[in-house]
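Reader: Could you walk me through the ligand site in this one, close up? I'd also like a quick word on the cysteines before we get there.

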Amino acid sequence: MKFFLDTADLDEIAEAASWGALAGVTTNPTLYARIGGKLADFNEHIKRICALVDGPVSAETTATTREKIVEEGRELAALAPNVVVKVPTTVEGLAATRTLADEGIHVNMTLCFSVPQALLAARAGAAYISPFVGRFDDISEDGIEQLDNIVSALAGYDFAPCGPAGKEVEVIAASIRSANHVTQAALLGADIATVPFNVLKKCVEHPLTTNGLAAFEKDWEKVKNA
Ligand code: E4P
C-alpha cells in the first residue's frame, strides 16, 4: 500500500516528502480553507504542491454541472503533469469523469460511500476511487467494513486502464483518522491510504521503538565508557 498525505499545507508536504516514502497528496476545499487559502491563489498553490511531490496530487473541482466540472478539470490538469482531478461521486461527476478520462486526464472520484458508487466510478473511467472511512465511524457505522466491501467488489472485475502508466483503478482509503485505520486498510488490500500529517507521524512512531532506542543509547554509553 502506498501513502498519500491528505493536506494542503506546504510545510507538512515538504516535511513528509523529505522522509522518502510519500507517494502523493490529496487536497479538498476544506483542507485549502483550513490553511487560509484564497481563491485567487488556488492554482499557484496546487502548482507548488505538485513541485514538492514526486507523485499524483489530487485537486478538487467545485462545480456541480458536468460541463463546468469538465471545464474546471481541464484547467486543473493543465497546471502540472502530476495533477489528478478530484470529482465528487454524483451523476454529474460520473458524466464529467467519463469525458475527462476519455481525454487522458486522471480522475479521483471522491466522497464515495458505497459499492455501487465505486463500481460506477470505475466504469466511468476513474483512475482512483476514494472511499471515506472515518466519516462512517463518525455516524457510528463501520468505515473499515465499508472499505473492505468496496475493495472486494472491485477486485472481482477488470476495468479499463485509466490510471497513470496504464494502471487500472486504484482504491484510496480516505478520511483516515488513526494508524489502526491504516493497518486495516493495508490488510484488506487498499492500494493507497491518504492520511493527515498527524496520523502519518503516528504511523512511524511505536512505543517499543522509542523504548528500544532509549535502551540502545544507554547501553552504547556504557560501551563508550568501558
Ligand atoms: C480525501 O481525499 C479527503 O480529502 C479526506 O480524506 C477527507 O477526510 P475527512 O473525513 O477527515 O475530512
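**Cysteines, then the ligand site**

Author: Sure. The disulfide count comes to zero. Keep in mind that this is a predicted model. Take Cys-162: the closest cysteine sulfur, in Cys-112, is 16 Å from its own sulfur, and a disulfide needs the pair within 2.5 Å, so that's too far for a bond. Cys-162 also counts as buried, at 17% relative accessibility. Cys-203, on the other hand, is partly exposed, with a relative accessible area of 29%.

Now for the part you asked about. The ligand sits in the largest pocket. Around the ligand you'll find Asp-6, Thr-26, Asn-28, Lys-86, Phe-132, Arg-135, Ala-174, Ser-175 and Arg-177. Sort that shell by class and you get four charged, three polar and two nonpolar residues. Phe-132 and Ala-174 are the nonpolar pair, while the charged group is made up of Asp-6, Lys-86, Arg-135 and Arg-177. That leaves Thr-26, Asn-28 and Ser-175 as the polar ones.

Some of these side chains come with distances to the ligand's oxygen atoms. Lys-86 puts a polar side-chain atom 2.6 Å from a ligand oxygen. For Ser-175, a polar side-chain atom lies 2.7 Å from an oxygen of the ligand. Arg-177 also has a polar side-chain atom 2.7 Å from a ligand oxygen. As for how covered the ligand is, on its own it exposes 340 Å², and the protein buries 88% of that.

Methods:
Residues numbered from 1 in each chain as written. Predicted model: local features only at pLDDT ≥ 70, side-chain atom pairs only at ≥ 80, totals over all residues. Heavy atoms only, no water. Buried < 20%, exposed > 50% of the residue type's maximum accessible area, 1.4 Å probe, protein only. Near = heavy atom within 4 Å. Polar contact = N/O pair within 3.5 Å; in protein donor to acceptor, adjacent residues only side chain to side chain. Areas by Shrake-Rupley, 256 points an atom, 1.4 Å probe, with all protein chains shown as cover. 1 Å grid on protein atoms, 1.4 Å probe; cavity = no way out; pocket = protein on both sides within 12 Å on 5 of 7 lines; lining within 4 Å. Sits in = over half its atoms within 2 Å of the grid points.
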